[in-house]
Amino acid sequence: MRKIMLLLCLAVFSLATAQQTDFKNYKVERTKVNDLVHTKLKVDFDFSKSQMNGEAWLTLTPHFYDISKLELDAKAMLIHEVSMDGNKLGYNYEKDILTIDLGKVYKKGEEYSIYIKYTARPEEVKQEGSAAITDAKGLYFIDPRDEDPEKPTQIWTQGETESSSCWFPTIDAPNQKTTQEIYMTVPSKYVTLSNGLLLEQKDNGNNTRTDYWKMDQKHAPYLFFMGVGEFSIVKDKWEDLAVDYYVEKKYEPYAQEIFGHTPEMMTFFSKLTGVRYPWVKYHQMVGRDYVSGAMENTTAVIHGEGVYQTHSELVDENTWESTIAHELFHHWFGDYVTCASWSNLTVNESFANYSEYLWFEYKYGRDKADEHLYSDTQGYLLGNNQFKDLVRFYYKKREDMFDAVSYNKGGAILHMLRSYLGDDAFFAGLNKYLEDNKFGTGEAHQLRIALEEVSGRDLNWFFNQWYFGNNNIKMDVNYDYDEVSSVVTIDLNQKDKIFEFPLTIDIYENGIKKSHDVWVDKQSQSFKFEYTRKPDLINVGAKRVLLAQINDNSKTLQNYIFQYNNAPLFLDRREAILEIAKHQDDKAAFETLVKALNDKYHGLRILALEHIDLSNKKDRRKKNAIKIIEKLAKSDPKTLVQAEAIEVLGKLMEDKYENIFKKGLTSESNSVRKSSITALYQNPKTKAYVIEKAKTYPKDEKELLADAIAHIFVKEKVETEMPFIANHVLEGMFYTQDQQTQALYKNAFDWIGSSNNTEAITNLVNKLVEIGKRYKQYGLDKIGIQLLRQMNDFQNKENHSNKAENVAIINKGIERLVE
């Protein structure tokens, strides 16, 4: 599952990532008393009650010991009948556990089948979810009574971690595997999606249809999926398998552009793992109000609405491409081989996280992949995660495992392991792990053993510190040059915790690089190297693969300039640009930063644009830089670079760029258009022009350009655009840590809250309720109630003609958040 965590503010971020270790309760793997063999379901839906009528036929067998009872997870259900071969069975149902008396003793190897008739009541489920899934009710009805004209009616399920038992009785544990079949009866206007193949569709003659989906390959109960709604189905294929994209009609023209790399990904991951994509199809659906980022339901992935992008956004970048790769790779790591317990979630999520790097490296090159890994690593380092082991047997609740340790840190650890073993051994080891455990379960130890058998190397030292330990490498570096003996001593000092790891030190002398591989295993170590001429650069950790915070106290500005020009990797150049940007008064430093404007990787061109200082623009060197930036704004092959260059030129507030900016308004790139709007607004000469231009954009276009347009409308307090502002004012209040922006948008909130504009009041209330409910476990529901009460106070101080209506809308919003 791809978790999308929203950085609402620093306090909320700290709350979401706080340590959740609970050392009182050791979390064991679920004991296998019975094994699921097959699950057959027949379901139909009561939209008026948000309930599901179900029949389940479960086939099981004792795992080892003789049994006469069966315990099933069944959350908040009404149980109408339990029987075997037409004979009623005795049962007890309490605390979401259905205990069935089987009437006889069954031995290992004997199969038996039971029948259960039930009603699933997801709105009655009482179980705590995660920060992203505030109400883990398994089965979700979206606008079931068709009350919201802005929202389609849909049904979808979310099983991870243990919520499939909210909609069918099962043994809801990741170490169970079962085949399945589902008969789904739905209104005829809807399409359905489930695991496996759609084998039959039957028209029932009463405006309903029954779809029969069958899955002949075993998978875990949490991966079961149902999706229902009005979708356009855009068809694609990989080899002989169907690859379909279920999207709302509005996004049908963009589905291929959004998901179109999927078949190529399937080929790439099949070759990389040595295991051909092992399932019978691969479909993807986009669900409204989905509770997380995306979910790897076997052959039937669901994505949240964040995947929806138009051509103007996709021209810049498909921001969901990493998630598409992530969920697909789960079909090897997570679905094909599943973590035996949530404590070993790393064998699911760390691999899915690392697949994003692997795809980017293959498709776009190492610079792109390294940039992505760097960003992920920062998510771990900044999140108060240093005390959590990757494999955790102590935690407060299951969903706490879905964090930046299991995902971000785990991916970085796999990257180190790949570097240590080499590509051939690493991927051969992954192949062995998959083949040895296919359609079964795995743990970190099984991964270690597979890699050891392939490589011949003992890896206990690695797994003990990275899988069963916490923290990361923190190291100070100092050099000492003995010019008499021409020897440099490199002193390394580890802080907090001592790690053992291979380290590459590159020493550049006369422009020639010599690499030295050393082994670090002590708190303090020194390594001596001879030189003929004092080195131009000493690059400690030159492979840039360590999960490490390395503080090099000896590098000079000249070293960093040399590093940008000679060290080859993304992180080498990124580090150098940031340091050089602090010294732009130095001629060589500024010239190097100007050179970085044409870096081969667009992300570093953007970084250089973000940091270049163009004050005193009449200086000859600054003029030369501006000419380069003008060229980037007009013709860089990456529209994101064009947009950043336009933003830089806009801050110069020179009339001569008006034509560039106005041309930018017609670009097919969303980012170029937004930067052009902002640039025109900054110049007093074109400010009025762009304000009036922004007012003329159609609603959908305004939403695409909202980052730029909303800011202008807020600053100018454009009364006619108040309903539009109301849809975006909370973004400025909570989605940034810039205090000036927060204050500006809080003033806009007060302005709207005290206004007579009922449409704007309604929009703002709906946004507060939506965010408050979605991020309830962050405490946003309480913040929403507080803000709604402020709006009430504003209204009560006014004497508006719509005062009573506005107050009623606000009070209704409070009621919706209190529910």
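**Cysteines, a cis bond and two positive phi angles**

Trainee: Is cysteine 339 buried or exposed?
Mentor: Cysteine 339 counts as buried, because its relative accessibility is 0%. Keep in mind that this is a predicted model.

Trainee: And cysteine 166, buried or exposed?
Mentor: Cysteine 166 is buried too, with 0% relative accessibility.

Trainee: OK, how many disulfides does the count come to?
Mentor: Zero.

Trainee: Why is there no bond for cysteine 166?
Mentor: Its sulfur is too far away for one: the closest cysteine sulfur, in cysteine 339, is 18 Å off, whereas a disulfide needs the two sulfur atoms within 2.5 Å. Seen from cysteine 339, the nearest cysteine sulfur is that of cysteine 166, 18 Å away, and cysteine 339 is in no disulfide.

Trainee: Switching to the backbone, which peptide bond is cis?
Mentor: The one from glutamate 160 to threonine 161, where omega is near 10°.

Trainee: Where is threonine 161 found?
Mentor: In the loop that links strand E10 (154-157) and strand E11 (178-187).

Trainee: What about phi of lysine 95?
Mentor: Phi there is near 55°, which is positive in a residue other than glycine. Lysine 95 lies in the loop between strand E6 (91-94) and strand E7 (97-106).

Trainee: Is lysine 95 buried or exposed?
Mentor: Exposed, since its relative accessible area is 79%.

Trainee: And asparagine 384, what is its phi?
Mentor: Near 55°, again a positive value in a residue other than glycine. Asparagine 384 sits in the loop between helix H7 (366-381) and helix H8 (405-421). With a relative accessible area of 38%, asparagine 384 is partly exposed.

Notes
Residues are numbered from 1 along each chain as its sequence is written. This is a predicted model: local features need pLDDT of at least 70, side-chain atom pairs count only at pLDDT 80 or more; totals for chains, interfaces and linings use all residues. Side-chain values use heavy atoms; hydrogens and water are left out. Buried means under 20% relative accessible area, exposed over 50%, partly exposed in between (1.4 Å probe, protein chains only). Helices (H or I, at least four residues) and strands (E, at least two) are DSSP runs, numbered from the N terminus.
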